[in-house]
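Biologist: I would like a close look at one part of this model. Please pick a piece of the sheet and take me through it, then through what lies around it.

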Amino acid sequence: MRKKKELTHADLVRLRRERENKQRMQRAATEAMRPEPPVVRKSKRRSARPGTARSASHRFQVALLPVAPDTDMRGIPISRPHLGRRLPSFLIVALLGAALYFAFNLPQLRVAQAQVTGNQMLSSEEINSALDIVGKPVFLLIPSKLETNLRLSFPELVAAKVAITLPNVVSIQIVERKPVIRWEQGSAYTWISEDGVAFQPRGEAPELISVVAVSAPPVEGNVSPDSLTPAPFISSEMVQAIKRLASHVPPGMTILYDPGFGFGWNDPRGWRVYFGTNANDVELKMRVYESLVTSLTQRGIRPALINVTYPTAPYYRMSN
């Protein structure tokens, strides 16, 4: 029988090294397949202890694996940046940024001047100045806001309609109040429309009915129908009374207003007459007035004031 060959000391050392080398390769392969632990950032760095190799500010662990000649590297995953997925988003952001830049800077998208139609008293320059839209990007303008600004800036406007058309056209159609009364009070005067709204005079209009007031009329009951319509300066009933009395005013005379007596005038025959502020019975008041004047003249009475505010109870006063 063949005896086993005894291993020498050199053989034992070689076998041990081969075994250790094999174990080391297995451990390295196992470490390489483990997922990388998350990196935890510390807010403060600890001072490195002297004499230690771990005092560096950053540590990197690199596994150097001995690769066998027959190892297939295709099985190791390699991360690559996904540029294909991010490219469309980048292009969209770039296009939007360019569109915003050109929208705010192109002169073709900025308003040169609003086109105004329907104006007779107001000028286009006044309306453009009040809106302050010249040179602004057209897409920032809100028609309803512009309409509100116009109605609040000009009480003589009944309505305002704003339309915006690209690239930079702003069209404004307005409806103005028509003045019927020239109301003079103190050293100033204003124009009053049919609905009793007062607004700034625009030049001279001799066809208006002139009224000279001792003081301002009462404001009780003068309520605007909406927030954009100014409160009336006088009531619509007072406007109708003035219009009906205007046809009976003697030539060369002006309608007068007194808060206590209403509307009247200086009669050329030497007295002042008042008819109140009610427009419903003006014709009746005029008949009563003429009858009273005829009666006073026949009796040789020359009054200083005649009041026909209440036609069923007219009265006269003599001079003091």
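**Strand β4 and its surroundings**

Modeller: Start at Q185. Its bridge partner in β7 is A213. Keep in mind that this is a predicted model. Q185 belongs to β4, which covers residues 179–185. That strand is the part I will follow.

Take the β7 side of β4 to begin with. Five bridges join β4 to β7, and the two strands run parallel. A213 then leads a step further across the sheet. Its bridge partner in β8 is Y257. The pairing of β7 with β8 (residues 255–258) is also parallel, and it rests on three bridges. A213 therefore has a bridge partner in β4, Q185, and another in β8, Y257.

Now turn to β5, residues 188–193. Six bridges join β4 to β5, and here the strands run antiparallel. One pair to find on screen is W183 with T190, its bridge partner in β5. β4 and β5 make a hairpin, with two residues between the strands. Look at G186 in that turn: its phi is positive, about 70°.

How enclosed is β4? Residues under 20% relative accessible area count as buried. Five of the seven residues of β4 fall in that class, so the strand is largely enclosed by the rest of the structure. Across the whole protein, buried residues make up 28% of the 320 residues. As you inspect the strand, recall a general point. In a regular strand, side chains alternate between the two faces of the sheet.

Step back to the full sheet. Nine strands form it, it is open, and the pairing is mixed. The order is β6-β5-β4-β7-β8-β9-β10-β11-β12. The edges are β6 (198–199) and β12 (315–317); each has a single partner strand, so one side of each is left without a neighbour in the sheet. The protein as a whole has six helices and 12 strands. Of its contacts between residues at least 6 apart in sequence, 50% join residues at least 24 apart.

Next, follow the chain out of β7. The loop between β7 (209–213) and α5 (236–246) holds T229. T229 has 12% relative accessibility, so it counts as buried. Leaving aside residues up to four places away in sequence, T229 touches R151, R177 and S224. With R151 there is also a polar contact, side chain to side chain, at 3.3 Å.

A pocket is worth a look too. The second largest one has a volume of about 150 Å³. It is lined by 14 residues, and those closest to its centre are P259, G260, F261, G262 and T309. The lining has eight nonpolar residues, six polar ones and no charged ones.

Finally, check two backbone details in loops. L166 and P167 are joined by a cis peptide bond, with omega about 10°. P167 sits in the loop between β2 (157–165) and β3 (169–176). The other detail is D132, in the loop between α3 (124–131) and α4 (143–153). Its phi is near 55°, a positive value in a residue other than glycine.

To recap the strand itself: β4 is joined to β5 by six bridges and to β7 by five.

Key. Residues are numbered from 1 along each chain as its sequence is written. This is a predicted model: local features need pLDDT of at least 70, side-chain atom pairs count only at pLDDT 80 or more; totals for chains, interfaces and linings use all residues. Side-chain values use heavy atoms; hydrogens and water are left out. Helices (H or I, at least four residues) and strands (E, at least two) are DSSP runs, numbered from the N terminus. Buried means under 20% relative accessible area, exposed over 50%, partly exposed in between (1.4 Å probe, protein chains only). A polar contact is a pair of N or O atoms within 3.5 Å; within protein, one must be able to donate a hydrogen and the other to accept it, and residues adjacent in sequence count only if both atoms are side-chain atoms. Contact means heavy atoms within 4.5 Å. On a 1 Å grid over the protein atoms alone, a cavity is a set of points where a 1.4 Å probe fits but cannot get out, and a pocket is an open set with protein on both sides within 12 Å along at least five of seven lines; lining residues have an atom within 4 Å of a point. Grid points are joined across faces, edges and corners, and a volume is the space filled by probe spheres set on the points. Ala, Val, Leu, Ile, Met, Phe, Trp, Tyr, Cys and Pro count as nonpolar, Asp, Glu, Lys and Arg as charged, and the others, Gly among them, as polar. Two strands pair if DSSP finds at least two bridges between them.
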